[in-house]
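Thank you all for making time this morning. Please have the sequence and the model open while I talk, since I will move between the two.

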Amino acid sequence: MAGALHFILLLFLHCGSFLLISATTVNVTSTVASDATFTTTSKGLFSAEKTNSTQVSTTGVTTSDSKTTTKPPKTTKTGLHPTEEAAKTVEKDVSTKPKEEEEEEEEEGPLELERRSTRSVKVAKKPKKILKKSKRITKKTKVVKKTKPQVKHSVNQSAARETVPQCPPLGLESLKVKDNQLKASSFKRRGLGPHRGRLNIQSGIEDGDIYDGAWCAQYRDEKQWLEVDALRLTRFTGVLLQGRNSIWSWDVVYTYKVQFSNDSLVWKPSMNGTEEAVFEGNQDADTPVLALFNTSTVARYIRINPQTWYENGTQGDICLRAEVLGCTVPDPNNIYPWQTEPAASKDKLDFRHHNYKEMRKLMKSVNEACPDITRIYSIGKSYKGLKLYVMEISDNPGKHELGEPEFRYVAGMHGNEVLGREILLNLMEYLCQEYKRGDQRIVRLIKDTRIHLLPSMNPDGYEMAFKKGSELAGWAFGRYSYEGIDMNHNFADLNSVMWNAIELETDRSKLINHYFPIPEQYTSEDAFVASETRAVINWMQNIPFVLGANLHGGELVVTYPFDMTRDWAPQEHTPTSDESFFRWLATAYASTNQVMSNPDRRPCHNKDFLRYNNIINGAEWHTVPGSMNDFSYLHTNCFEVTVELSCDKFPHASELPIEWENNRESLLVYMEQVHRGIKGVVRDKDTEAGIPDAIIKVDDIDHHIRSVADGDYWRLLNPGEYRVTASAEGYFPSSRTCQVMYDFFPTICDFNLTKMPKQRLKEILAKGGKLPKDLQLRLRQLRLRKLRVTTKAMNQRRAAAAAAAAKRAKKV
């Protein structure tokens, strides 16, 4: 009997501890379930354990986005294993990151098209692999140990990325897709042919020309289509659509279908379940609309088949501009793939789109890699408070060296023209790497030049375009400043000041041709001037730039001043006095650019710049009052051109290595032109001190420049022989002949100016000194000369008066 009682007591104690452990498990997992935003019902101890173990496995995997953070489950200390406490500590460390780090992690990485699919949020909600592990948790309290398996989270992320379409644009906008790869069922005329059905293509001024703004079908029915031949098997994932670009017509496609083919004979439609998919098109003509296919399809050909469109009675046409997203499928029969694939860049650079924080990080990394030749500084802030960072690259950063010219590249004036921004960031990396590697060309360039790179003049506009993405930003979104100012027209209009003075002044010797002052109304606080523009103007005035370039996008051409026509005509050739040298500068860039110099390339939009050798006077293209180029030429010593880098304003990240290769040599060659012409120092002959603000005049060129604070100057000139005169207030002018050669280094032309006696006298008397003998002799000679002149004038007046009196007496 005692043995039986002893057995019953042991059984009771064992069951009681089991019930206690089970109850603890239910409390822990129910807390996790509440954190995971779903509830469960338990039908018994073992069923509760099973259900809750499943919930623990799915905790923290509600979405596939890497930004999602999960809270660690709240548990009591009862029954916790030491490894559980360690896991909990790790979870707490992960979840309590500094706020700044979390924000930086959220904003890292460009917003490409593949990150814009809402389907990626739905992928990782069913981690089937983790469900099997519930069998391991039956009687042990180690269930909490599996509450947040980091490995499982990363597996779900990778699974999500596999489903998200990551294919780049096929290249209709960037012209990677050639004209012969585009076909259509019909078209109204040549200017509305299938080759014009490219995303963001811009039309000519008048309808009916060969450069119209879309593909337009000849007929208006549901049988019309635009076909793209990818040339190889391609996994198509989506389509972007726009309406027609025109100032006279308004045509959009509302809905459309898509078909695929491997031979262009048999076509398979894109399906939505059991039905043929119908995709939404545009409601306006400019905003790109992205449609992602439910399932990607591998084919060679793709057709866009409009179903409904803006009809407007009998006036509406079927017109569209498109881009196709697709990944080339590897061809097992292609023995030599490098013959068909574009050559990627061999330079190890960071080829991706950088937002503001990433741009700052990259510049900082370059500065840390090359601290002896780089310096980062800010010239001001944007309207929203983002700093305008500049990277200086020189052998002695932070200081102007006597005789060393200052050069600048400016990019991102229009926020959505992003290629210049990325190219300048790549240029920083490249110059640092090649300098450390010992490339003699780069070493010489850095030692002889002080280089300034401003990658983003309009960071506010860029951030807006960046959030939209490379293809969805459109043609104009992000172009302007946050205040809506086009900074390409926002500098002071000094052209009108100059031309008005020429018309009003009869004495041409009194006309100035350089350093035109900024109009007073422009400098007032109420003037409609962007804060970014004011910052750049101050930058120009503080640093004696010699040469620069303003990097834009949307075309392939180099333009040079003047950008504004004299009579406000839309297009009229308006040259400067340095027309020949500006043409030299523009040609130096265009002739070394791999795309511009290609004679077989097609025009980007509505003007064929190949006829002009890819360079053009800015005013002859279209007049731009208040441009940075004209302001720089008329207000400072700096010569500046505009470089339109690419047909695509916002190229996809996959295109950046190719664009860098296209422009790398051009960037270097153009910088080397800062050493073309003459340079020297204007000094005081007696003290040998540099004379600031001395005027350097070149015969037959009606545009002067001035020396800077140390008396050094640079005058950009083509090869040839020139008569140069240096003059300064209080000094006698000096002239000499200077020969400009084709060498890398400029011709040295120094000037030693002699002070005028009056100026020397003022300075000596101001210091309380005695007059030297040469100055006393010179003053005596001047007094005698003045006395002779005045005596001669008095004698002439007396003789004239006597003659007049004699004449009057004779008449009487």
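Let me start with a small question: which residue follows helix 10, and what is the sign of its phi? The residue is Gly469, and its phi is positive, near 105 degrees. Please keep in mind throughout that this is a predicted model.

Staying with helix 10, which covers residues 459-468, seven of its 10 residues are buried, so this helix is largely enclosed by the rest of the structure. The buried residues are Pro459, Asp460, Gly461, Tyr462, Glu463, Ala465 and Phe466, and you will notice that Asp460 and Glu463 are on that list. As for what covers these buried residues, the elements include helix 7 (356-369), strand 12 (387-393), helix 8 and helix 13 (531-542).

That brings me to the nonpolar cores. The largest one has 97 residues, and within it Tyr409, Phe491 and Trp539 touch the most other members. The largest share of this core, nine residues, is contributed by helix 8, residues 419-437. If we take Tyr409 and leave aside its neighbours within four places in sequence, its contacts include Leu424, Leu427, Leu453, Ala549, Tyr589, Leu667 and Met671, and also His452 and Ser666. There is, in addition, a second, separate core of 29 residues, and among its members are Val239, Phe260, Ile318 and Ala322.

Leu453, which I just named as a contact of Tyr409, deserves a moment of its own. This leucine lies in strand 14, residues 450-454, and it is buried, with a relative accessible area of 0%. Apart from residues up to four places away in sequence, Leu453 touches Tyr389, Val390, Met391, Ile393, Tyr409, Leu424, Leu427 and Met428. One of these, Val390, is 63 residues away from Leu453 in sequence, yet the two C-alpha atoms are 5.4 Å apart in space.

Now to the packing of helices, where I would like to look at helix 8 against helix 17. Two packed helices are described by the angle between their axes and the distance between the axes. Here the angle is about 70 degrees and the axes are 10 Å apart, and helix 8 and helix 17 are therefore roughly perpendicular to each other. The crossing of helix 8 past helix 17 is right-handed. From helix 8 the contact is made by Leu419, Glu422, Ile423, Asn426, Leu427, Tyr430 and Leu431, while helix 17 supplies Leu656, Glu659, Trp660, Asn663, Arg664, Leu667, Leu668 and Met671.

My next topic is charge pairing. Side chains of opposite charge can pair when their charged atoms come close, and this structure holds 27 salt bridges. What do Lys188 and Asp317 form through their side chains? They meet in a salt bridge, with 2.9 Å from N to O, and the pair links distant parts of the chain, 129 residues apart, with Lys188 in the loop between strand 1 (182-184) and strand 2 (215-216) and Asp317 in the loop between strand 9 (289-309) and strand 10 (319-328). Of the two partners, Lys188 is partly exposed at a relative accessible area of 40%, whereas Asp317 is buried at 10%.

Two further salt bridges involve helix 17. Glu665 pairs with Arg441, their closest N and O atoms being 3.1 Å apart; because Glu665 lies in helix 17 (residues 656-672) and Arg441 in helix 9 (residues 440-448), this pair ties together parts that are 224 residues apart in sequence. Both ends are partly exposed, Glu665 at 33% relative accessible area and Arg441 at 26%. By contrast, Glu661 and Arg664, whose closest N and O atoms are 3.2 Å apart in their salt bridge, both lie in helix 17, three residues apart, about one turn of the helix. In this pair Glu661 is buried, with a relative accessible area of 16%, and Arg664 is partly exposed, at 22%.

I will end with Asp710, in the loop between strand 21 (701-706) and strand 22 (712-715). At 39% relative accessibility, Asp710 counts as partly exposed. Beyond its neighbours within four places in sequence, this aspartate is in contact with His400, Leu402, Val681 and Gly690, and its C-alpha is 6.7 Å from that of Ile691, a residue 19 places away in sequence.

Technical notes: Residues numbered from 1 in each chain as written. Predicted model: local features only at pLDDT ≥ 70, side-chain atom pairs only at ≥ 80, totals over all residues. Heavy atoms only, no water. Salt bridge = Lys/Arg side-chain N within 4 Å of Asp/Glu carboxyl O. Helix = DSSP H or I, 4+ residues; strand = E, 2+ residues; numbered from the N terminus. Buried < 20%, exposed > 50% of the residue type's maximum accessible area, 1.4 Å probe, protein only. Contact = heavy atoms within 4.5 Å. Core = buried A, V, L, I, M, F, W, Y, C linked by side-chain atoms within 4.5 Å. Axes fitted to C-alpha atoms, helices over the stretch in contact; angles between N-to-C directions. Parallel < 35°, antiparallel > 145°, perpendicular 65-115°, else oblique. Left-handed = near helix turned anticlockwise from the far one by under 90°.
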